[in-house]
Amino acid sequence: MKTAKSSLLLLPLFGLALLAGCDKSNDAPKPAATAASAAPAAGYLDKIKARDKLIVGVFTDKPPFGFVDETGRYVGFDTDIGRRLAKDLLGDENKVEFVAVEPASRIPFLQSDKVDLILANMTVTPERKEAVEFTNPNLKVAVQALVPEGSVVKSLDDLASRTTIVTTGTTADIWLTQNHPDWKLLKFEKNTESLQALANGRGDAYAQDNLILFSWSKQ
């Protein structure tokens with residue numbers, strides 16, 4: 001994908017975020033969870049073993065966590081974990097089916113049993129913990145902003161009078177919507193759509209997890 005020259009503005013929107021995959025709960029159901037999410041963990045394991053396949057929700061456009069390579073293969077940090085889980089549970093890392101998800105569809109896919117678990121770079125937040133059960137965090141990141149080279153944006157306050165691009169359902173979208181409701185946010189469903197919008201000059205900055213921005217800025 002062709003993008004405009006860009007540089008990373010070290011612009012923390014808030015503190016370090018904890019990332020983890022989310023799994024079916026074996027505790028009492030959370031208020032926002034569906035009845036299916038309250039089933040015992042052992043029941044889900046039996047279901048997966050009987051099916052002889054692990055179904056995992058992943059991103060397809062968010063390197064280095066989850067993306068599709070030139071051959072059409074799902075690759076990345078999250079997909080590697082998915083294959084390892086399949087190997088440990090079913091004895092074969094190839095007994096895994098990856099299902100493409102977008103940030104806003106991760107929790108609904110999990111709650112509706114379209115996937116067994118989500119491995120799609122999801123930040124642990126109090127609101128999300130009300131709906132799903134998280135594993136132990138596996139990574140820490142900060143949310144920052146990517147801006148075109150030569151941008152006048154130098155700090156968080158500079159975005160108050162400008163357009164910030166976000167991907168719907170991401171931590172950046174949720175945090176900015178809650179804490180700066182008067183700011184102009186331009187939202188897209190897919191990460192690649194948000195990045196392309198920045199390259200096309202439709203916004204002044206793109207807010208995302210910084211490891212994602214580091215990867216994209218090198219393209």
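pLDDT is the predictor's confidence in each residue, from 0 to 100. That matters here, as this is a predicted model.

**Figure 1. The whole chain, with the low-confidence stretches picked out.** Across the protein chain the average pLDDT is 83, and 81% of the residues score at least 70. Two stretches fall well outside that group: pLDDT stays under 50 over residues 1–10 and again over residues 12–38. The model still gives them contacts beyond four places in sequence, 30 for residues 1–10 and 90 for residues 12–38. Elsewhere in the overview, you can pick out seven helices and 14 strands. Of the 219 residues, 47% count as buried. The chain exposes about 10,600 Å², with carbon and sulfur atoms supplying 53% of that area. If you look at contacts with a separation of 6 or more, 70% of them come from residues 24 or more positions apart.

**Figure 2. Strand β14 and the two strands beside it.** Take β14, residues 205–209: five of its five residues are buried. Strand β11 (residues 143–148) runs antiparallel to β14 and is joined to it by four bridges. Along that pairing, Ala145 sits opposite Ala207, while Leu146 has Tyr206 as its bridge partner. Strand β12 (residues 163–167) is joined to β14 by two bridges, and this pair runs parallel. Here Ile165 stands opposite Tyr206, so Tyr206 turns up in both pairings. β11 is largely enclosed by the rest of the structure, because five of its six residues are buried.**Figure 3. Helix α5 and its salt bridge to β13.** Helix α5 covers residues 171–179, and its buried residues include Thr171, Ala172, Asp173 and Leu176. What do the buried residues of α5 pack against? Their partners are β8 (117–123), α4 (126–129), β11, β12, β13 (184–188) and β14. Asp173 also meets Lys187 in a salt bridge, at 2.9 Å from N to O. This pair links strand β13, home of Lys187, to helix α5, home of Asp173, across 14 residues of sequence. The two ends differ in cover: Asp173 counts as buried because its relative accessibility is 6%, whereas Lys187, at 38%, counts as partly exposed.

**Figure 4. Two more salt bridges, one partly exposed and one buried.** A search of the whole structure turns up seven salt bridges. In one of them, Lys53 pairs with Glu97, and their closest N and O atoms are 2.7 Å apart. Lys53 belongs to the loop between α1 (41–51) and β3 (54–58), and Glu97 to strand β7 (residues 96–100), 44 residues apart. Lys53 is partly exposed, with a relative accessible area of 31%, and Glu97 is also partly exposed at 31% relative accessibility. Another salt bridge joins Asp209 and Lys62, with 4.0 Å between the closest N and O atoms. Since Asp209 lies in strand β14 and Lys62 in strand β4, the pair ties together parts that are 147 residues apart in sequence. Buried or exposed, which are Asp209 and Lys62? Both are buried.

**Figure 5. Arg106, a buried arginine with no salt bridge.** Arg106 is placed in helix α3, residues 106–111. Which side chain of opposite charge is nearest to this buried residue? That is Asp209, 6.9 Å away, and Arg106 has no salt bridge. A salt bridge needs a side-chain nitrogen of Lys or Arg within 4 Å of a carboxyl oxygen of Asp or Glu. Setting aside neighbours within four places in sequence, Arg106 is in contact with residues including Phe59, Val101, Ile118, Asn121, Met122, Arg128 and Thr170.

**Figure 6. Ala86 in helix α2.** Ala86 is part of helix α2, which spans residues 77–90. Its relative accessibility is 0%, so Ala86 counts as buried. Beyond its neighbours within four places in sequence, Ala86 is in contact with Leu54, Gly91, Asp92, Glu93, Lys95 and Val96. For a distance to check in the viewer, try Ala86 and Ile48: their C-alpha atoms are separated by 9.7 Å, and they are 38 residues apart along the chain.

**Figure 7. The three-stranded sheet β4-β5-β6.** This open sheet has its three strands in the order β4-β5-β6, with antiparallel pairing. At the edges are β4 (61–62) and β6 (74–75), each pairing on one side only. Two bridges join β5 (residues 66–68) to β6. Across that pairing, Phe67 has Val75 in β6 as its bridge partner.

Terms used. Residues are numbered from 1 along each chain as its sequence is written. This is a predicted model: local features need pLDDT of at least 70, side-chain atom pairs count only at pLDDT 80 or more; totals for chains, interfaces and linings use all residues. Side-chain values use heavy atoms; hydrogens and water are left out. Buried means under 20% relative accessible area, exposed over 50%, partly exposed in between (1.4 Å probe, protein chains only). Two strands pair if DSSP finds at least two bridges between them. Contact means heavy atoms within 4.5 Å. Accessible areas come from the Shrake-Rupley method with a 1.4 Å probe; for residues, only the protein chains shown count as cover. Lys and Arg count as positive and Asp and Glu as negative; His and the chain ends are not counted.
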